[in-house]
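Work through the exercises below with the model in view. Try each task before reading its solution.

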Amino acid sequence: MLITIEGIDGSGKSTLLVRLRELLADLDPLFTREPGATWVGDSVRRAVAERMDPITEALLFCADHAAHIDTVIRPALDEGRLVISDRYADSRFAYQPVVLDGVLPDPLSWLRRIHEGWSIRPDRTFLLVLPVEDAVSRLDPEKKREYFENAGILARVQENYLNLAAADPPRFVVVDALLEKEEVARFIAGEIRTSARSSRRRPRA
Ligand SMILES: Nc1ncnc2c1ncn2[C@@H]1O[C@H](COP(=O)(O)OP(=O)(O)O)[C@@H](O)[C@H]1O
Ligand SMILES: Cc1cn([C@H]2C[C@H](O)[C@@H](COP(=O)(O)OP(=O)(O)O)O2)c(=O)[nH]c1=O
C-alpha cells in the first residue's frame, strides 16, 4: 500500500514523519521522499537553486519521480510492504502549475499527461493544511529558502492542493495542520493502520 504525505513548506511533514516512524514501527513501513530518494534528486535541487527554466525544472522533478518509482517504490510494493512517501506526484500538480503559469496554456493537464501510463497512484494521501502565514512563520529563518517558500506562491500552491483534494475525496484526507503535533501524528497513524488492514490490491494509475 502506498501512502503519501503532502502540504506546503512549513506544514509539518518532516515533523510528522519522524513521529510516524515510531508510531507505525510494528508495520515495518518503508519511508521515502521526493525529491531526493535517488541521485536524480541532486539535479532537481540544483535546477531549483539555479532557477533553471520551468520546463526543465518540472521534467527533472518528473525524472526524479520515475527513478523513485523504479528503484524504491515499485520494488517495495511488489514485496507487499507499506510505503510512506514524504511528497509525491501531487507536489508536482500543486507546485509546478504556479511555476509554469504563463509558460504553458494548461500546466496541470500537461503535468498529468506526462505522468500517465507509468506513475503509481497512491492509495491514500494526507494533505496538511494551515493558513499560509502560520506555515511561513514556522519556516526556519536560518535556512536558505527555495524560491517556492514565499507566502504568495505558497497560497497558490495550497489552493491547488485543495482543488486536487476536492476532485478526489476517496483518496485525500485533509488534515488540520494547526492541531498539536502529537494529535496530527496519532490521527494519521490511526488512519494508516485502518487503511493497511482493509487494503487488498493496490490500484495503479
Ligand atoms: N502541529 C504543529 N504545531 C506547531 N508547530 C509545528 C507543528 N508541526 C510542525 N511544527 C513546527 O513547524 C516547523 C516546520 O515543520 P516541518 O515538519 O519542518 O515542516 P515541513 O517538513 O512540512 O516543511 C518546525 O519547526 C516544526 O517543529
Ligand atoms: C516533489 C516536489 C517538490 N517541490 C518543491 C517543494 C519544496 O519547496 C521543494 C523541496 O522539497 P522538500 O525537499 O520537501 O523541501 P525541504 O527543502 O523543506 O526539505 O521542492 C516541487 O516544486 N515539485 C515537486 O514535484
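**Exercise 1.** Find how far a backbone N or O atom of Gly12 lies from an oxygen atom of ligand 1, and describe the surroundings of this ligand.

Solution.
Step 1. The distance for Gly12 is 3.0 Å, from a backbone N or O atom to an oxygen atom of ligand 1. A polar contact here is a pair of N or O atoms within 3.5 Å; within protein, one must be able to donate a hydrogen and the other to accept it, and residues adjacent in sequence count only if both atoms are side-chain atoms.

Step 2. The backbone of Ser11 also has an N or O atom 3.3 Å from an oxygen atom of ligand 1. For Lys13, a polar side-chain atom lies 2.7 Å from an oxygen atom of the ligand.

Step 3. On its own, ligand 1 exposes 560 Å², and the protein buries 69% of that (Shrake-Rupley method, 1.4 Å probe; for residues, only the protein chains shown count as cover).

Step 4. The model is predicted: local features need pLDDT of at least 70 and side-chain atom pairs count only at pLDDT 80 or more, while totals for chains, interfaces and linings use all residues. Residues are numbered from 1 along each chain as its sequence is written, chains are lettered from A and ligands numbered from 1 in the order in which they are written, and side-chain values use heavy atoms, with hydrogens and water left out.

Step 5. There are 13 residues around ligand 1, and Gly10, Lys13, Ser14, Thr15 and Leu179 come nearest (near: a heavy atom within 4 Å). Helix H1, residues 13-23, gives the most to this shell, with 3 residues (helices, H or I, at least four residues, and strands, E, at least two, are DSSP runs numbered from the N terminus).

**Exercise 2.** State which residues come nearest to ligand 2, and give the polar contacts and cover.

Solution.
Step 1. Asp9, Arg33, Arg87, Arg92 and Gln96 come nearest, out of 15 residues around ligand 2.

Step 2. Polar side-chain atoms of Asp9 and Gln96 take part: Asp9 has one 2.9 Å from an oxygen atom of ligand 2, and Gln96 has one 2.8 Å from a nitrogen atom of ligand 2. In the side chain of Arg92, an N or O atom is 2.7 Å from an oxygen atom of the ligand.

Step 3. Ligand 2 has 550 Å² of accessible area on its own, and the protein covers 89% of it.

Step 4. Helix H4 (residues 89-99) supplies the largest share of the shell, 4 residues.

**Exercise 3.** Which residues of the UniProt "binding site" feature are in the lining of the largest pocket?

Solution.
Step 1. UniProt, in an unreviewed entry, places this feature at Gly7, Ile8, Asp9, Gly10, Ser11, Gly12, Lys13 and Ser14. UniProt positions are given in the numbering used here, feature names are shortened, and annotations may be inferred rather than shown by experiment.

Step 2. From this set, the lining takes in Asp9, Gly10, Ser11, Gly12, Lys13 and Ser14. On a 1 Å grid over the protein atoms alone, a pocket is an open set of points where a 1.4 Å probe fits, with protein on both sides within 12 Å along at least five of seven lines; lining residues have an atom within 4 Å of a point.

Step 3. Ser11 is in the loop between strand S1 (2-7) and H1.

**Exercise 4.** Locate the cis peptide bond.

Solution.
Step 1. The bond joins Glu34 and Pro35, with omega about -5 degrees.

Step 2. Pro35 lies in the loop between strand S2 (30-33) and helix H2 (40-49).
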